[in-house]
There are 2 protein chains.
Amino acid sequence: MVMASRTQRTERRADALSKERIVEAAIEILDTEGESALTFRALAARLATGSGAIYWHVANKSDLLAAATDDVIARVMTGVVGDAEPRQAIRAVALGLFDAIDAHPWVGAQLFREPWRSAMLQIVESVGGRLQTLGVPESALFDSASALLNYILGVAGRNAANARLLPRETDRAAFLGAVATRWTQLDPAEYPFVHRVATELREHDDRAQFLAGIDLILAGIGTIR
Amino acid sequence: MVMASRTQRTERRADALSKERIVEAAIEILDTEGESALTFRALAARLATGSGAIYWHVANKSDLLAAATDDVIARVMTGVVGDAEPRQAIRAVALGLFDAIDAHPWVGAQLFREPWRSAMLQIVESVGGRLQTLGVPESALFDSASALLNYILGVAGRNAANARLLPRETDRAAFLGAVATRWTQLDPAEYPFVHRVATELREHDDRAQFLAGIDLILAGIGTIR
DNA sequence: AATTGACTGGAACGTCGTTCCATGAAAGTT
DNA sequence: AACTTTCATGGAACGACGTTCCAGTCAATT
C-alpha cells in the first residue's frame, strides 16, 4: 500500500525488514509472551537485527502497537459480512471483537489510545452505521452508538487487564475462580452483593455475558423509538 | 487503622513519612502533572527524602497506584448517600464516578487492574446492591450489573486515555474539537457515519452523554421485568 | 568507477522501578 | 548511664527499557 510509488523492490537480505514483518513479529510476541515481553530488544532478536534498524520502519513503540492493533481489528471487521439484519450484524461485530480480544488481549488496552486511528474508526463506523439502518432516530443515534462502544471498550479493557494479571497460560476459568475465591472470603455484611454473586462469577460464561450486555443495551435503544 | 496495635507513635521527623502522606503526594503529582510524571524520584523529591525510603511504606508502584485509587473512590462512594430511590441512586453513583474520574483521569486506568481491590469492590457492591433493591430478577441480576459496570469502566478508561494524550492543560472541548476535525477530514464514502457524527462530537456534552448511556442500559434492564 | 541514498545493527544515553546498605534516631534492656 | 535492638531513612547502584546516534553496507544511478 505504501510502496505503490516504488516501481520495484530488490531485497538486500533474503528476509528484508519491512513494517509488515515487524508488525507480524510484534503480534507473535504479544500473543505468546504478553504485553510486557514486547521490547525493541526482544523484537530485534526475533528478527535477527538491531533495535535501531526497527526505527527505520516504525516511528516508535506507540506507532508499532497502533499498527498491530489496526492489523488485528481490520481482519475482524472484514470477516464480518454486512448484509445481515442490522441487529444481528451488530451482535456479530461485537462478538467478533470479543473473540479477537480474547485471542489478543493486548488489543483491548490499545483501543483506548488515539481514537482517530484506523482500528477505532472502523469499529465506530461499523456499529454506528448499523444503528442508523436499524432506524434509531437521529437525535438518539450518537448517544446510542456511544453507549454500545463504551460498553465494548469496557469489556475489552477488562480482558486486557486480566491477561496482564495472569501468571501466563492460566485460562480464564482459573482466573475467575481465583477472583471468586477472594470475593467469597469478603465480609457478607459489608459486601452482600459481591459475596452473593461470587459463586455466579466462578461459573459464568464471559462470552455469553458480554452478548447479554449487548442485548441489554440494544433493548434500551429499542425503547426510544 | 494498621497502627491499632501500636500504643503510641512518637515521630522521628517533624514530617514523618507514612503511607497516607505518600499517597497524598502521589495524588497531587498525578493530578497536576499527569500519570507519566509519577516516578519514585519525583515523589522522593516532593517528600524531601530518598526513593528507597518510600519502599518502607509501600510495596511497589502498583501498590501505590492502587492505594491512591482506593483513596479517591472511597471519597466518592461515601459522598453518595444511599436512601434515594434506587434508580436515582445508581445515576448518582455513576455521576459521582464520572466526576471523580474527570478530576483524576488516572483513576480510570487503574480501575481495570486487580478487581479484588477495595475500589472496584465498592463500585460493584454499590451498583449491584441498588439493582437488587430495584427489583431486577435474580436471573438477570449478574448480567445487568456487569453491563452497567463495563459501560462505566469503558467511559472511565476512555477519559484516562484522553488525558494521557492531552498536551497538558488542554481542556476537553479543545481535545474533542481536535478529534472532530480529524474525523471531518475523513472520506465520507468510506466512513459515512463517523463523518456525519463528527460535528456532533465537537459540540456534545460528555457528561450528559455518559448519563444518557446509563439511562439507556437502565431502560434495557427495565424491559426484562 | 564513483557517488548516492536506502537500510542495517550495535553502541551509547538518559530514565525508570527496584534493591541494597551504611547510617541514624528512638525504644527497650541491663 | 551504657548497651542493644528495632524502626526508619536516603542515597548509591543495578538491570532493563525506549530511543538516538552513527559508522558501516550494498544496490542503483551517474
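Where in chain B does Glu114(B) lie? Glu114(B) is found in the loop that joins helix 6 (106-110) to helix 7 (118-134) of chain B. The model in which this loop is seen is a predicted one.

## Two loop residues with positive phi

Glu114(B) has a phi near 50°, a positive value in a residue other than glycine. With 19 other C-beta atoms within 10 Å, Glu114(B) is partly exposed, because a residue counts as buried only from 20 such atoms upward and as exposed at 12 or fewer.

Chain A offers another residue of this kind. Ala48(A) is not a glycine and has a positive phi, near 55°. Ala48(A) sits in the loop between helix 2 (40-46) and helix 3 (51-54) of chain A. Ala48(A) is exposed, because it has 9 other C-beta atoms within 10 Å.

## Chain A as a whole

Chain A contains eleven helices and zero strands. Along the principal axes, the C-alpha atoms of chain A fill a box of roughly 65 × 45 × 25 Å.

Chain A has 225 residues, and buried residues make up 37% of them. Among the contacts in chain A with a separation of 6 or more, 64% are between residues 24 or more positions apart.

## How the two copies are related

A turn of 180° with a shift of 0.0 Å along the axis lays chain A on chain B, with an RMSD of 0.0 Å. The two copies are therefore related as by a two-fold rotation axis. Both copies use the same surface, since 98% of the contact residues of chain A recur in chain B.

## The contact between the chains

Chain A and chain B each bring 43 residues to the contact. On the side of chain A that touches chain B, at least two residues come from each of helix 7, helix 8 (138-165), helix 9 (172-184), helix 10 (192-203) and helix 11 (206-222). Helix 8 of chain A gives the most to this side, with 14 residues. By type, the residues of this side of chain A are 24 nonpolar, 13 polar and six charged.

One helix pair across the contact is helix 7 (residues 118-134) of chain A with helix 10 (residues 192-203) of chain B, whose axes are 7 Å apart and meet at an angle of about 90°. These two helices are therefore roughly perpendicular to each other. Helix 7 of chain A takes part through Leu121(A), Val124(A), Glu125(A), Gly128(A), Gly129(A) and Gln132(A), while helix 10 of chain B takes part through Pro192(B), Phe193(B), Val194(B) and Val197(B). The residues of this helix contact are six nonpolar, three polar and one charged.

## The nonpolar core

The largest nonpolar core has 122 residues, and Ile217(A) and Ile217(B) have the most contacts inside it. Leaving aside neighbours within four places in sequence, Ile217(A) is in contact with Ala147(A), Leu148(A) and Tyr151(A) of chain A, and with Ala147(B), Leu216(B), Ile217(B) and Gly220(B) of chain B.

## A buried residue in helix 8 of chain B

Ala160(B) belongs to helix 8 (residues 138-165) of chain B. Ala160(B) is buried, because 22 other C-beta atoms lie within 10 Å.

Residues up to four places away in sequence aside, Ala160(B) touches Pro105(B), Trp106(B), Gly108(B) and Ala109(B). Gln110(B) is 50 residues from Ala160(B) in sequence, and their C-alpha atoms are 9.1 Å apart in space.

Notes. Residues numbered from 1 in each chain as written. Chains lettered and ligands numbered in written order. Predicted model: local features only at pLDDT ≥ 70, side-chain atom pairs only at ≥ 80, totals over all residues. Axes fitted to C-alpha atoms, helices over the stretch in contact; angles between N-to-C directions. Helix = DSSP H or I, 4+ residues; strand = E, 2+ residues; numbered from the N terminus. Parallel < 35°, antiparallel > 145°, perpendicular 65-115°, else oblique. Contact = placed C-beta atoms within 7 Å. Nonpolar A, V, L, I, M, F, W, Y, C, P; charged D, E, K, R; others polar. Least-squares fit on C-alpha atoms with pLDDT ≥ 70 in both. Core = buried A, V, L, I, M, F, W, Y, C linked by C-beta atoms within 7 Å.
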